[in-house]
Amino acid sequence: MTNRPTYTMSLSSIYIFLVGFTNCFFFKVSCSKSDFSLEGDYLLGGLFTLHEIEQTTPQFSPETTECFRHSPSRSGYQMLQVMRFAVEEINNSTTLLPNVSLGYEIFDHCSNTKNFHSVLSFISNNGSIKPKEKLNNYQPKVIALTGPFESTRAITIAPLFTMDRIPMVNYGASSYALSDKVKYPAFVRTVPSNKNLIEMIIHIIQWFGWNWVAFLGSQGDYGSDGLKLFNTYIRNTGICVAYQESLRLNTNYSLTLQKIDMLNINVIVVFALPQYASKIIKAAIANNIQDKVWIASQAWAMNQQLPREPGIGKIGTIIGITERLLSLPGFHEFVYKDRRSTDVTHNEESEIQSKSKTCNQVCDYCTLLTAEEIINENPTSSFAIYSAIYTIAHALHKVLQCDMNGCRKNTVVKPYMLVGEIKKLDFPLNGRQVKYDDNYDLPINYAVVLWHTDVNPPQFEMVGTYDTYPEMTFTINNSLLPWHNSGSVPFSNCSAECKEGFSRQPEGFHSCCFTCKECPPNSHVDYSRDPYTCFPCAENEWSDEGSTTCKTRSVVYLQFTEIFSIAVMVSAICIIILLIAIFCLFSYNYNTPVVRSAGGSMCLLMLICLIMSSISVFFFFGKPTFAHCLLRKVIFTFFFTVCISCLTVRSFQIICVFKMAAQFPKVHSLWVKHNGQWLFIAFSSAINLISCVIWITVSPDKPFADIWTYKDQIMLICEMGDSITLTIVVFIGWFLGFLCLLFSYMGRDLPKNYNEAKPITFSLILYYLSWIVYFTAYLSVKSKYVTLLNAIAQISSINGILFSYFIPKSYIIIFQPQKNTPAYFQTSIQNYTQTISRT
């Protein structure tokens with residue numbers, strides 16, 4: 001029981017095959033003047049859909065398909081006439097195949113799988129088929145054929161022609177699968193493949209900025225191939241298929257349209273054969289579907305019946321994609337002449353003549369059509385059929401080595417020879433170039449047509465073009481599209497486009513559905529790269545909130561050329577010159593009382609330290625480097641601290657001489673004996689040096705790019721090192737300064753020439769205030785001018801000592817030499833002693 005279906009199918013296939021052979025090889029008729037047959041030197045085959053099977057019915061016994069029992073197809077008969085016209089034109093030509101005539105046999109091919117009579121006839125040789133015959137020996141009945149129209153029908157019969165390399169120059173099968181030359185090496189087509197058609201549809205969708213579309217295919221290879229290609233090619237295009245379905249003849253079209261309407265889809269791609277497209281459009285009219293954009297595939301883009309449907313204008317705008325229509329000069333005259341010879345009359349002679357016109361077919365309506373009805377049928381495939389016949393003729397012309405004098409008729413022509421020549425063809429035909437690529441496909445010449453259904457008869461206006469030869473060009477004239485939506489392009493997007501500077505946040509399954517989020521500062525959205533991400537700006541870039549680009553930050557630091565920098569450096573130079581001058585002055589007057597009371601050699605050490613401290617100012621300007629950051633503070637910190645330690649020990653020494661020597665004579669004796677002042681200076685300097693070495697070793701100041709303070713600037717500064725080591729270094733200097741202040745305060749009543757309380761107090765208070773101001777600014781303000789304030793604090797500290805301690809003494813040496821005598825100083829000491837004795 002389980003094998004019965006297989007057994008029944010096998011019997012059915014065998015029976016169909018036998019019936020086909022019987023009809024093809026044992027039933028012969030002579031049709032001298034038939035539309036379907038013409039004798040010639042070389043025979044061409046033609047397969048056209050003269051009848052359409054609108055609905056298949058289950059069969060319970062094996063039987064062949066009788067096409068005449070189904071609905072007539074006028075467009076199929078019109079295509080047949082184009083083939084006849086092309087053959088007649090070639091036979092009358094003196095340049096193409098001179099002295100060679102082409103004949104043809106044309107059959108009605110209405111079924112996908114049960115219409116093999118004509119196919120078996122074409123590949124037969126004298127009524128028999130030899131499958132094992134060598135390719136070079138086998139000579140089938142036809143040298144080439146054109147048709148059938150649909151992809152499924154072509155795919156079904158193509159293997160039968162492939163085994164003998166019989167060229168199938170097809171005018172309507174657009175399935176991309178047929179481009180596979182391994183499976184279909186003899187398949188040639190004069191229409192673009194579905195791949196090209198899908199690319200064109202995507203171009204249209206992108207042109208108008210749509211991304212929320214429905215795709216309706218049809219049952220069979222044509223629709224499924226289109227749906228598969230569409231889903232493949234829309235990747236990374238931003239287009240979403242919100243709804244897709246493969247239509248069948250028994251599909252609930254109303255339910256399909258309701259689903260599309262519920263999803264707010266306003267653009268519907270109908271990639272279907274005419275019978276399916278007709279049903280969906282009629283269902284849209286019946287269900288009052290309005291204001292949609294319908295994109296018609298080539299199969300029904302120029303349908304002649306649908307635009308006449310009542311109410312079709314309400315469903316929206318219909319845009320069709322078709323090959324660029326080319327007129328066939330002489331075709332109308334050919335049809336009129338042919339119809340005049342077949343006008344139906346009631347006399348017996350005409351009836352016999354009509355039967356002879358369809359003697360190998362059953363086509364009752366064929367002889368009843370008028371010339372106008374044939375001419376007004378859908379012309380979409382006319383040039384494709386015309387160029388298919390001319391392709392075969394040109395290939396045969398090459399094989400026969402024809403020239404102006406004629407062709408070599410003694411040449412044995414095998415079908416496979418034509419296949420080899422077709423690939424080399426390159427000839428003009430009615431203003432278009434016929435040239436095949438590696439897949440045996442022609443260049444693309446598409447047109448975008450707009451349906452005008454509000455006029456009678458309906459019209460198709462070309463509003464756009466798409467060409468691939470000699471280069472790829474695509475354009476649509478938007479001004480020719482009077483949209484149903486008040487003239488503006490209909491909206492068909494899942495979400496409205498985000499404003500500039502907003503990134504998309506995915507919402508749901510489809511990438512087209514999203515919410516918008518403004519990009520934060522220092523980030524940007526790049527729609528061409530990824531509209532779903534706010535990309536951070538690089539460290540040397542910045543942006544405001546909601547930006548699409550990043551701007552380059554300006555790099556700022558304290559430059560040498562700035563007016564404030566120049567002023568500080570000039571001040572430092574002046575101070576250095578002044579200090580050197582004082583050093584020379586003090587050295588020259590080393591043994592005078594003023595220099596001796598100021599400290600003598602200790603005084604000279606202080607001047608050297610101040611000179612070195614002043615040099616550090618120059619490292620504050622220019623682009624910060626590690627050396628700059630290290631030297632600007634270390635030099636000043638070390639040498640200025642040594643200078644303060646000299647001041648401290650000098651203040652202590654004066655107190656010790658005048659006030660403590662008598663009370664602590666032994667201590668004073670030891671201090672003098674062992675040079676206590678130099679030991680103290682050496683000890684404090686050593687501690688200071690060690691702390692500085694630890695500072696620059698553990699965590700020194702180093703260059704730092706501040707990218708956070710200012711959004712549009714990168715501020716190059718010297719970052720402070722470890723706070724602990726820095727605190728130790730600063731504490732040493734400040735502690736010595738505090739001792740100095742304390743000792744100077746204790747000696748405030750000393751003799752005038754030895755009283756350093758006021759100058760030391762002034763210099764140290766200025767020192768403390770300068771650094772307090774600097775550290776306050778450093779902690780509260782972020783600016784390159786904080787660095788300038790650091791340099792000013794150093795100069796201020798140096799100036800405090802210079803102008804309060806050394807300048808007054810220099811003034812005495814230069815301008816008051818009478819006060820720079822031992823007698824003057826001795827008088828001051830005596831006056832101080834008398835004052836102390838009185839108290």
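Trainee: In this predicted model, which residue carries the cysteine sulfur closest to that of Cys-643?

Mentor: A disulfide is counted when two cysteine sulfur atoms lie within 2.5 Å, and the closest sulfur to that of Cys-643 is 6.0 Å away, which is too far for a bond. Cys-643 itself counts as buried, at 0% relative accessibility. The residue carrying that closest sulfur is Cys-609.

Trainee: How many residues apart in sequence are the parts tied together by Cys-67 and Cys-110?

Mentor: The sulfur atoms of Cys-67 and Cys-110 are 2.0 Å apart, and the two form a disulfide. Cys-67 sits in the loop between strands E3 and E4, whereas Cys-110 sits in the loop between strand E5 and helix H3, so the separation of the parts they tie together is 43 residues.

Trainee: Is the link of Cys-363 and Cys-366 left-handed or right-handed?

Mentor: Cys-363 and Cys-366 form a disulfide with their sulfur atoms 1.6 Å apart, and both residues are buried. The angle about their S-S bond is 70°, and the link is right-handed.

Trainee: Is Cys-534 buried or partly exposed?

Mentor: Cys-534, in strand E22, is joined by a disulfide to Cys-519, which lies in the loop between strands E20 and E21. That partner, Cys-519, is buried, with a relative accessible area of 0%. Since buried means under 20% relative accessible area, the 23% of Cys-534 makes it partly exposed.

Trainee: Which strands stand at the edges of the sheet ordered E25-E27-E26?

Mentor: This sheet is open, and its three strands have mixed pairing. An edge strand has a single partner strand, so one side of it is left without a neighbour in the sheet, and this holds for E25 (554-556) and E26 (702-706).

Trainee: What is the average twist from one strand to the next in the open sheet of eight strands?

Mentor: The strands of that sheet follow the order E10-E9-E11-E12-E13-E16-E17-E18, with mixed pairing. E10 and E18 are the edge strands, each pairing on one side only. From one strand to the next, the twist averages 25°.

Trainee: Which strands does helix H8 lie across?

Mentor: Helix H8 spans residues 274-286 and runs at about 170° to E12, a strand that it lies across. Among the other strands involved, E9 and E11 run parallel and are joined by five bridges, with Val-213 standing opposite Val-267 in E11. The full set for H8 is E9, E10, E11 and E12.

Methods:
Residues numbered from 1 in each chain as written. Predicted model: local features only at pLDDT ≥ 70, side-chain atom pairs only at ≥ 80, totals over all residues. Heavy atoms only, no water. Pairing = 2+ DSSP bridges. Helix = DSSP H or I, 4+ residues; strand = E, 2+ residues; numbered from the N terminus. Axes fitted to C-alpha atoms, helices over the stretch in contact; angles between N-to-C directions. Contact = heavy atoms within 4.5 Å. Buried < 20%, exposed > 50% of the residue type's maximum accessible area, 1.4 Å probe, protein only.
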